[in-house]
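Subject: Structure for you to look at

Hi there,

Here is the structure I promised to pass on. Please open it alongside this email, and you can follow my notes residue by residue.

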Amino acid sequence: MKFQCMLKILFTLLRKRRSSAAALAAACGVSERSIHRYLEELIVSGVPIDIIRGRNGGIFLPDTYRLPENFFTKEEYAAAVNALGALYEQLRDTTVGSALDKLLSQQKTDSRNLTLSGNVIVDSGTWGDAYDFSDKLKVSEEAAERCECLDLLYVDRTGSESRRIIEPHLLIYKQNIWYIYAWCRKRNDFRLFKVGRIRSARLTGETFARREIDHAHLPLKFNFADAELVDLRLSVQKKALPDVEEWLGIGNIRIEGEQITAEAALPGGDVLLSKILAFGDGVKVLSPASLAEEVQKSAEKLALLYR
């Protein structure tokens with residue numbers, strides 16, 4: 001009974017995305033207290049259920065959540081839907097209809113590719129993404145396109161989590177990072193939100209009037225706001241050349257015989273340090289000397305872990 005109720009709760013939320021404890025209790029034939037206990041178990045198992053108290057509250061499942069990709073193959077999903085659909089047309093059985101609704105609540109669509117124009121496709125996912133990031137980006141795109149508010153759970157760089165309602169206006173892709181440029185009702189101003197820092201996003205159904213944006217003064221240099229620029233000069237090994245070219249651009253590479261160097265002005269800090277360390281022995285910092293010293297100390301600490 002318990003697991004049947006938990007599955008019914010999950011599929012109801014997948015279909016409706018919002019419900020109440022009273023409605024779920026009536027559907028499952030249990031008490032509201034039991035519903036909250038089952039919800040806690042679903043949350044512990046990894047389902048990002050969001051419970052909001054008070055007016056306009058309820059039990060929500062983010063629009064970014066889907067069942068695991070390997071829950072069905074596309075062929076299995078299509079076969080199951082077709083078979084149940086045919087059976088329901090003949091029998092009109094409520095149990096068959098309920099099973100069909102559950103399957104239809106989980107659309108098997110590949111949302112990883114975001115088409116920006118007829119000739120440009122950007123693969124928004126990351127390696128091992130499991131479509132989580134891609135679904136967040138897809139929901140953000142839909143919200144911006146339809147002028148629909150998003151209810152976000154957002155985690156900042158300090159690890160602090162906050163809930164906020166935003167009005168998405170633009171999606172921005174810069175230095176391999178996706179951002180949403182949105183009016184934040186909590187701050188009463190435009191803000192940039194990293195899609196990768198969104199824990200969950202839910203379409204609220206509320207539309208907004210698009211605000212005027214001065215495209216000439218968009219904060220597209222935000223990556224430099226928190227860090228001083230470093231005049232970086234690297235010695236590059238041939239094996240690392242393709243990756244360095246993609247990182248810094250071919251125009252910043254100098255090849256003189258067997259010597260390969262790269263020069264660029266970049267924001268300093270931990271992000272730059274981590275990027276250089278990721279190349280291993282493929283690059284060597286020639287300047288600034290302070291950064292070369294940081295890389296050396298970090299490499300020594302890393303080596304100690306394997307001794």
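Phe3 sits in helix α1, which covers residues 2–16. In this predicted model, Phe3 has a relative accessible area of 59%, so the residue counts as exposed. Its C-alpha atom is 8.6 Å from that of Tyr38, and 35 residues along the chain separate the two.

Just a little further on come two residues to view together. Arg17 belongs to the loop between α1 and β1, and its phi is near 70°, a positive value in a residue other than glycine. Is Arg17 buried or exposed? Its relative accessible area is 12%, and because the cut-off for buried is under 20%, Arg17 is buried. Ser19 is in strand β1, residues 18–19, and is buried as well, with a relative accessible area of 12%. Leaving aside residues up to four places away in sequence, Ser19 touches Leu13, Leu24, Gly58 and Ile59.

For the overall picture, the protein chain holds nine helices and 14 strands. Of its 307 residues, 39% are buried. Among contacts with a separation of 6 or more, 55% are between residues 24 or more positions apart. The accessible surface of the chain is about 18800 Å², and carbon and sulfur atoms hold 51% of that.

Next, the middle of the chain. Asn188 is in the loop between β8 (177–184) and β9 (189–194). Its phi is positive, about 55°, although Asn188 is not a glycine. As a reminder, most residues other than glycine have a negative phi, and most peptide bonds are trans. Asn188 is exposed, with a relative accessible area of 55%.

Ile198 is in strand β10, which runs over residues 198–207. With a relative accessible area of 2%, Ile198 is buried. Which residues does Ile198 touch, not counting those up to four places away in sequence? They are Lys136, Leu152, Leu153, Tyr154 and Ile180. You can also check the distance from Ile198 to Thr64: their C-alpha atoms are separated by 10.0 Å, with these positions 134 residues apart along the chain.

I spent a good while on the helices towards the end of the chain. Helix α7 spans residues 241–248, and its buried residues are Leu241, Val244 and Leu248. Looking down the axis of α7, these buried residues fall within an arc of 65°, so they line one face of the helix. The elements covering them include β11 (229–236), β12 (253–256), β13 (259–267) and β14 (283–287). Gly249, just after α7, has a positive phi of about 95°.

Helix α8 can be read in a similar way. Its buried residues are Leu272, Leu273 and Ile276. Seen down the axis of α8, they fall within an arc of 100°, so here too the buried residues line one face of the helix. On the other side of α8, Asp270, Val271 and Ala278 are exposed. Cover for the buried residues of α8 includes β11, α7, β13, β14 and α9. Just after α8 comes Gly280, with a positive phi of about 60°.

That brings us to how α8 meets α9. Two packed helices are described by the angle between their axes and the distance between the axes. For α8 (residues 270–278) and α9 (residues 289–304), the axes come within 10 Å and cross at roughly 65°. The crossing of α8 past α9 is right-handed. On the α8 side, the contact is made by Leu272, Leu273, Ile276 and Leu277, while α9 brings Leu291, Glu294, Val295, Ser298 and Ala299. By class, that contact has seven nonpolar residues, one polar and one charged. Leu272, Leu273 and Ile276, listed above as buried residues of α8, are among the residues in this contact.

One more backbone detail is worth a look. Where is Pro288? Pro288 is in the loop between β14 and α9, and the peptide bond leading to Pro288 from Ser287 is cis, with omega near 0°.

Happy browsing, and do write back with any questions.

Best wishes

Definitions and conventions: Residues numbered from 1 in each chain as written. Predicted model: local features only at pLDDT ≥ 70, side-chain atom pairs only at ≥ 80, totals over all residues. Heavy atoms only, no water. Axes fitted to C-alpha atoms, helices over the stretch in contact; angles between N-to-C directions. Helix = DSSP H or I, 4+ residues; strand = E, 2+ residues; numbered from the N terminus. Left-handed = near helix turned anticlockwise from the far one by under 90°. Contact = heavy atoms within 4.5 Å. Nonpolar A, V, L, I, M, F, W, Y, C, P; charged D, E, K, R; others polar. Buried < 20%, exposed > 50% of the residue type's maximum accessible area, 1.4 Å probe, protein only. Areas by Shrake-Rupley, 256 points an atom, 1.4 Å probe, with all protein chains shown as cover. Arc of directions from axis to C-beta.
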